[in-house]
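Got the viewer open? Grab your mouse and let's take a walk through this one together.

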Amino acid sequence: MDGVRVITLDNPPVNALSLAYCAKLLAAVEAAERDAAVEAVVVSGANGLFSAGADVNDFRNELPADAITIRDVIAAVERSGKPYVAAIDGNCLGGGLELALACDYRVASARAKLGLPEIKLGLLPGAGGTQRLPRLIGARAALEFMLKGSSVTARRALELGILDEAVDGDALERALALAATAPAKRRLSTREAFIGDDIPLQAGPYVLAQAHAMAPPEERGGLAAHKLIDAVQAAVELPFAFGLGREARLFDQLVRSEPSLALRHVFFAERELPKVDGIDLSRAAANAVKSAGVVGAGTMGSGIAIAFAQAGIPVVVVDTDDDAVDRARQTVMGMFMYQVQKGRLTQEEAWQRAQSIAFTDDWSRLGEADVIVEAVFEDLDVKRDVFRKLDGVAKTAAVLATNTSTLDVDKMAEVTKRPDRVLGLHFFVPANIMPLLEVVRGNKTSQESLATAFRLGKALRKKAVLSGNAFGFIGNRMIFDYLGEATALAEEGVAPARVDAVMKGFGFPMGPFAMSDLSGLDVGAAIAKARGGSSARTDVLEQLVARRRLGQKTMAGYFKYDKSVGKGREPIPDPEVETMFADAARRAGIAPRDVSDDEIRDRLLRALVERGRRLLEEGVALRPGDVDIVYVYGYGFPPYRGGPMWYAQEVGALSHA
Ligand code: 3H9
């Protein structure tokens, strides 16, 4: 269109606004400014998105004095007298959205996703976002948007007031038309920040104080949140230029902070996961998973089936036990109805998803499935039988997976005629919610089967981590040592409640004893037996199991539970268990010791780290970052501490162990 210049963000793969790219961008903005024939500018993105924001790699080093950053580009747009229109398609995140906020108009297509996810990297929007958004949609809504850090659809962004228009068709086309006709608007920098529609400015201090009160403490993952709220306070109280300065200073503090370094490590470790043997499995040849099968309608099987249904993959669940199928049907329906109640699904969507799970006792219905996951009782003979049957009914190309948490995948593969298409898919309970998926490679598993598993992981929105075929794989192998160390501490006279309190203080959602109670002490005892005995020097676990104190499910384990306290999930310290430990320790000749909180924390973390190192040496885990991802996403390791391997290496801690 005459007089309209299009500046296309094009820096594959995600149009990251790196220092090098910002220099080019600034030149493009300045050229448009100089050119008298240009009356208006449209900014759009190539490669299927607007931009993923600043290049996170650039934060690793001190900024060179002459560096051109996204802030310079935005300042140039701000200075321009010509109208700017952002044409948003696909992701528009972080610095990308901040650039769009500096434009006069924002138009987005239906598939656009807009967000300021900096908080997830332990940062705050540092290119004017904390100053412009409160001027556009009000401080209260801006805080909510930035503190959550999640992306929203174009429709939601329009409701929030972030967009001027959400279009069904092509955003670029509409932006061009707008640029040709619409006048320049008053820029956000010249407006006053407000708190919210119908909320007086005097309520500002209250809204900010409330946000501080709701954020986690600084030392428990809340550092970035508190600084972000401070930046918004500056937007409310200071002129724009001063607010920008304050935002930049707060951003600089965060960029160097330990939590942000840790979260950025987690971000990049996650992106390394599919890179195996020098190949990116997420891009390698793989079978598309258009339909799936699950064998076993127990807790695990139903959870896995729900996970498939949520990803839009129809699934056939085979079980011959009518009662199990009835229970599973109820679980599935209950789960989808809950999502309707929470407003996450419409009645119609819930119904469709539930319909995409078919229960049957007829194995032949698995014939169409591209992937079949067995989730039957944890017994090798039972599982081998399942694999023999599956080999007979599944199509040749299908990948057959076991959901075992400890058994040997090769022993299952060997009963089939397609060991190259057998692997482990270790889901975590509840399988439809927990984001971790261990992909277990048997000694004959083909690269194509692994690639199929990684693609599937992505479709299920899980973090797929490759593990070697070794007892307990990565996560559980490490947790055995961790729980063993917790037991050793209790044997030395530390109350289980104190051990748990220390680990919660570190940032885990629950301590090791509460975790054992949650997964079931009988399960723990059975696993110890399968391993050929536990590392404990006493028999407290066996005594508890013999007394049917199996954990939360029997309302007693290492702790007691009471239905009226925390819905029966709140661990209540039990002096009887402390006495059991004391008596058993005396019999075993273990003297009680004074143990500091630091020693408790460091010994438990060291148990994880030492085992992690051995798993790396043995090649069970590929990279320290993989181990960290397993612990962050599967076991509640606080992400702002980066995972056990990162913590040990970077924080140089564990001196008390
Ligand atoms: C910011 O903007 C700060 C400003 O406020 C202030 C500045 C002063 N940087 O995830 P994928 C790479 S902070 C560098 O597999 P997808 C990624 O590593 C930024 N690299 O694809 C991978 O590389 P490789 C705020 C990035 O389709 C490749 O791109 N923005 C960045 O599943 C593909 O990524 C964010 O936090 C980046 N910003 O998901 C957004 N983003 O191929 C972070 C991606 O070598 N990014 N890469 O492994 C995302 O959320 C997802 O990558 C996205 C695409 C949704 C965009």
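The tour starts with the whole chain, then moves to the ligand, and ends at a few chosen spots.

**Before you click**

You're looking at a predicted model, so local features need pLDDT of at least 70 and side-chain atom pairs count only at pLDDT 80 or more, while totals for chains, interfaces and linings use all residues. Residues are numbered from 1 along each chain as its sequence is written, and side-chain values use heavy atoms, with hydrogens and water left out.

**Stop 1: the whole chain**

Select the protein chain and show it as a cartoon. You'll find 26 helices and 18 strands; helices (H or I, at least four residues) and strands (E, at least two) are DSSP runs, numbered from the N terminus. Its C-alpha atoms fill a box of roughly 85 × 60 × 45 Å along the principal axes. A compact globule of 657 residues would have a radius of gyration near 26 Å, and the 28 Å of this chain agrees with that. (That radius is taken over C-alpha atoms, and the globule rule is 2.2 Å times the number of residues to the power 0.38.)

How much of the chain is buried? Buried residues make up 55% of the 657, where buried means under 20% relative accessible area, exposed over 50%, and partly exposed in between (1.4 Å probe, protein chains only).

**Stop 2: the ligand**

Now select the ligand and the residues near it, meaning those with a heavy atom within 4 Å. There are 28 residues around the ligand, and the closest are Glu98, Glu118, Arg271, Lys275 and Lys458.

Next, look for polar contacts (here, pairs of N or O atoms within 3.5 Å). One ligand oxygen sits 2.6 Å from a side-chain N or O atom of Glu118. A ligand nitrogen is 2.9 Å from a polar backbone atom of Val56, and an oxygen of the ligand is 3.0 Å from a polar backbone atom of Gly126. Taken alone, the ligand exposes 1,000 Å², and the protein buries 77% of that; such areas come from the Shrake-Rupley method with a 1.4 Å probe.

Which elements give two or more residues to this shell? Color α2 (70-79), β4 (91-93), α3 (95-102) and α11 (258-272) to see them.

**Stop 3: Glu438**

Jump to Glu438, in strand β17 (residues 436-441). Is Glu438 buried or exposed? With a relative accessible area of 0%, it is buried. Show its contacts (heavy atoms within 4.5 Å): leaving out residues up to four places away in sequence, Glu438 touches several residues, including His426, Phe473, Ile474 and Val630. Zoom in on Ile474, because you can pick out its backbone nitrogen, 3.2 Å from the side chain of Glu438.**Stop 4: helix α25**

Val630 leads you to helix α25 (residues 624-634), where nine of the eleven residues are buried. Among them are Val627, Ile629, Val630 and Tyr631. Just past the helix, click Gly636, whose phi is positive, near 75°.

**Stop 5: Ala546**

Finish at Ala546, in helix α22 (residues 540-546). At 65% relative accessibility, Ala546 counts as exposed. Then select Asp522: 24 residues separate the pair along the chain, and their C-alpha atoms are 9.2 Å apart.

Conventions. Polar contact = N/O pair within 3.5 Å; in protein donor to acceptor, adjacent residues only side chain to side chain.
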